[in-house]
Amino acid sequence: MAFLNLGVVAHVDAGKTSLTERLLFEAGVLAEPGSVDAGTTRTDAMELERRRGITIRAAVTSFAIGDLTVNLLDTPGHPDFIAEVERSLAVLDAAVLVVSGVEGVQPQTVVIWRALRRIGVPTVLFVNKVDRAGADVRRVEAQARHRLTPHLVALTAVDGEGRRDAQVNALPLNAPPVVEAVAEVDDRILAAWVDGERSRRATLRRAIRQGVRRGALTPVVHGSALTGAGVPQLRRVLAGLLPRARDQHGPPAGSVFAVDRDEHGRRAWVRLWAGELRVRDRVAFDGRRPERITEVAVSRHGGVLVDRAAGAGQIAALRGTSARIGETLGVLPERRTHRFPPATLQALVEPADPARRTALFAGLAELADEDPLIDLRLDEQAGEAMVSLHGEVQKEVLAALLQDRYGVEARFSGTTVACIERVAGTGAAHERVKERGNPYLAGIGLRVEAAPVGHGIEFSAGIEPGRLPPAFVAATEEGVRAALRQGPHGWPVTDCVVTMTSSQYWPRQSRPHQKFDKSISSVAADFRNLAPVVVAEILRRAGTRVCQPVNRFELDLPRPAHGPVTALLGRLGALVLDVATTGGYVRLAGHLPSAQVPALAAALPDLTGGEAVLVTRFDHHAPLAGAQPPTQRRRGPDPADRDAWFRAVPR
């Protein structure tokens with residue numbers, strides 16, 4: 001059986017979910033299309049999605065076109081959920097990018113398009129709402145050629161656009177406009193066209209399919225998800241021109257793109273690229289210990305159904321594995337290895353009712369398991385929780401999920417830009433048993449050194465593995481990593497190597513005629529609790545630099561606005577790296593502190609008459625200038641204050 005894992009993506013209100021419903025209806029999966037406004041859509045299963053009329057989590061459903069099974073992923077359209085979108089894009093064979101025939105190409109359309117190009121997903125452009133007043137297909141296609149790609153091939157034509165009874169007709173593949181568009185990216189078609197030869201439809205079909213597969217050509221289909229016009233033509237394009245999943249044999253390979261929970265517990269959603277997964281198989285995602293699969297369910301025409309196995313090309317929901325989003329099994333295709341940009345905002349979360357704090361922490365822990373980019377940081381002693389965010393709407397959604405799913409009313413405060421700290425030099429220190437007030441039966445020596453940008457945190461046991469029980473080495477590493485979550489200025493420390501240089505411990509022993517005595521024997525907690533004290537000292541000696549998040553921006557604007565916008569960028573601390581002029585537009589590209597992105601976005605409509613298209617994406621962290629770097633209030637006891645730490649974390 002052939003499979004096509006297809007994503008439907010779009011900016012908000014382009015009609016993405018409505019198109020999904022129409023495709024399911026045309027395939028016989030639904031008796032009638034659901035309505036976003038009425039909250040009756042199949043793919044928006046969360047109550048919150050139906051109430052707000054937006055897609056928050058990617059949803060999977062399936063339908064058939066002949067012998068082809070299409071696994072359809074309906075993804076969020078709001079920019080606050082771009083991480084959810086990119087997770088889904090990484091497991092697709094192809095995508096349908098929906099653009100409104102009235103509003104045209106929006107900034108979020110450009111963001112999604114560039115993500116599709118970056119990951120390498122073949123794409124069809126569906127120009128929706130051709131039946132709406134104000135629809136202008138030519139204007140939208142001109143926008144798409146300017147802002148997305150010049151290599152479009154329109155496969156349909158609209159009769160009566162802007163009217164309720166608008167009709168969509170398929171163009172013959174050998175129609176002059178189609179041949180001309182294909183000739184721009186295919187030398188054989190171009191040569192035949194120049195020589196006056198008439199290419200056969202089969203040859204043109206093959207050329208279009210090859211152009212789509214390598215991302216050189218983007219088919220365009222017009223239509224209306226509301227009336228169904230153009231949807232049969234879109235179905236033919238899906239079945240005939242898009243690349244299908246490859247049936248690869250060999251060891252299983254897959255990637256986790258979603259985690260959710262139902263009445264039966266936790267499920268990990270996996271795209272299988274090769275091989276087969278069966279119930280009771282033992283699998284190890286990203287170096288985890290092997291875990292036994294207890295249930296396999298696959299997306300089918302009738303829903304997500306339990307089966308004995310899932311094979312290459314299928315999307316499966318697995319139980320029994322603790323795999324998290326982004327983790328992989330086996331060897332994936334090269335273009336499917338993808339790093340997601342981190343959130344650049346963070347906020348404190350508190351319960352409106354202090355008595356519900358434990359429930360809040362439990363709910364946030366589950367939500368962070370479903371979306372690791374939330375990056376939950378809990379301080380149970382201070383009773384505080386910090387989460388990472390992509391925007392204000394995501395904050396509202398988290399609050400609503402906590403209320404609906406866990407019955408906890410949550411408040412967000414202290415939203416700030418999320419900085420990091422990087423080690424400036426080298427520092428070393430040690431603590432010995434029963435010296436300088438050390439209450440733990442452990443001695444630890446550590447050295448910290450700066451590592452290249454992007455290296456992350458590396459812990460090395462140094463010469464200790466043969467001298468120290470493995471459990472104590474593991475506990476030391478756990479304490480080191482926990483301590484690095486808050487550096488001297490309160491921000492997470494990264495891109496460093498911490499090496500264990502010495503150790504002491506008291507062997508397991510007991511008093512005469514008694515069992516094991518913890519008071520005279522070292523335990524793992526001694527090393528776990530002492531490590532933060534040593535880390536605080538080595539960071540003080542090495543020094544750290546606070547680095548702020550910096551976004552890469554691309555900004556298209558009318559020529560007359562070039563001067564005022566450039567002046568604004570200078571005031572906001574931007575660095576313009578490239579300037580290009582095309583027609584009456586100027587494209588600026590460069591770097592901008594993430595904290596200044598909202599100010600730029602707010603000012604652009606007035607400066608450009610609403611014609612600017614701004615696309616930003618996290619790029620890197622850069623040291624903050626100034627003698628007094630920003631600090632973040634520490635959560636919990638400070639290991640740099642030895643006495644306070646020893647009192648707060650007793651043995």
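**View 1. The whole chain, with its 16 helices and 33 strands.** In this predicted model, the radius of gyration of the chain is 28 Å, close to the 26 Å that the globule rule gives for 651 residues, and the chain is therefore as compact as a globular protein of that length. Taken along the principal axes, the box that the C-alpha atoms fill is roughly 95 × 65 × 55 Å.

**View 2. Buried residues and contacts within the chain.** Of the 651 residues, 54% count as buried, and among the contacts with a separation of 6 or more, 73% are accounted for by residues that stand 24 or more positions apart.

**View 3. The accessible surface and the charged side chains.** The accessible surface of the chain comes to about 28400 Å², and carbon and sulfur atoms hold 50% of that area. The chain carries 82 positive and 74 negative side chains, and the centres of these two sets lie 4 Å apart.

**View 4. Cysteine 496, a buried residue.** A disulfide is a covalent bond between the sulfur atoms of two cysteines, and a search of the whole structure finds 0 of them. Why does the sulfur of cysteine 496 form no such bond? The closest cysteine sulfur, in cysteine 547, is 12 Å away, which is too far for a bond, given that the two sulfur atoms of a disulfide lie within 2.5 Å. Cysteine 496 has a relative accessible area of 0%.

**View 5. Cysteine 547, also with a buried side.** For the sulfur of cysteine 547, the closest cysteine sulfur is that of cysteine 419, and because the two are 8.4 Å apart, they are too far for a bond. Cysteine 547 counts as buried, with a relative accessible area of 2%.

Notes
Residues are numbered from 1 along each chain as its sequence is written. This is a predicted model: local features need pLDDT of at least 70, side-chain atom pairs count only at pLDDT 80 or more; totals for chains, interfaces and linings use all residues. Side-chain values use heavy atoms; hydrogens and water are left out. Helices (H or I, at least four residues) and strands (E, at least two) are DSSP runs, numbered from the N terminus. The radius of gyration is taken over C-alpha atoms; the globule rule is 2.2 Å times the number of residues to the power 0.38. Buried means under 20% relative accessible area, exposed over 50%, partly exposed in between (1.4 Å probe, protein chains only). Contact means heavy atoms within 4.5 Å. Accessible areas come from the Shrake-Rupley method with a 1.4 Å probe; for residues, only the protein chains shown count as cover. Lys and Arg count as positive and Asp and Glu as negative; His and the chain ends are not counted. The place of a charge is taken as NZ of Lys, CZ of Arg, CG of Asp or CD of Glu.
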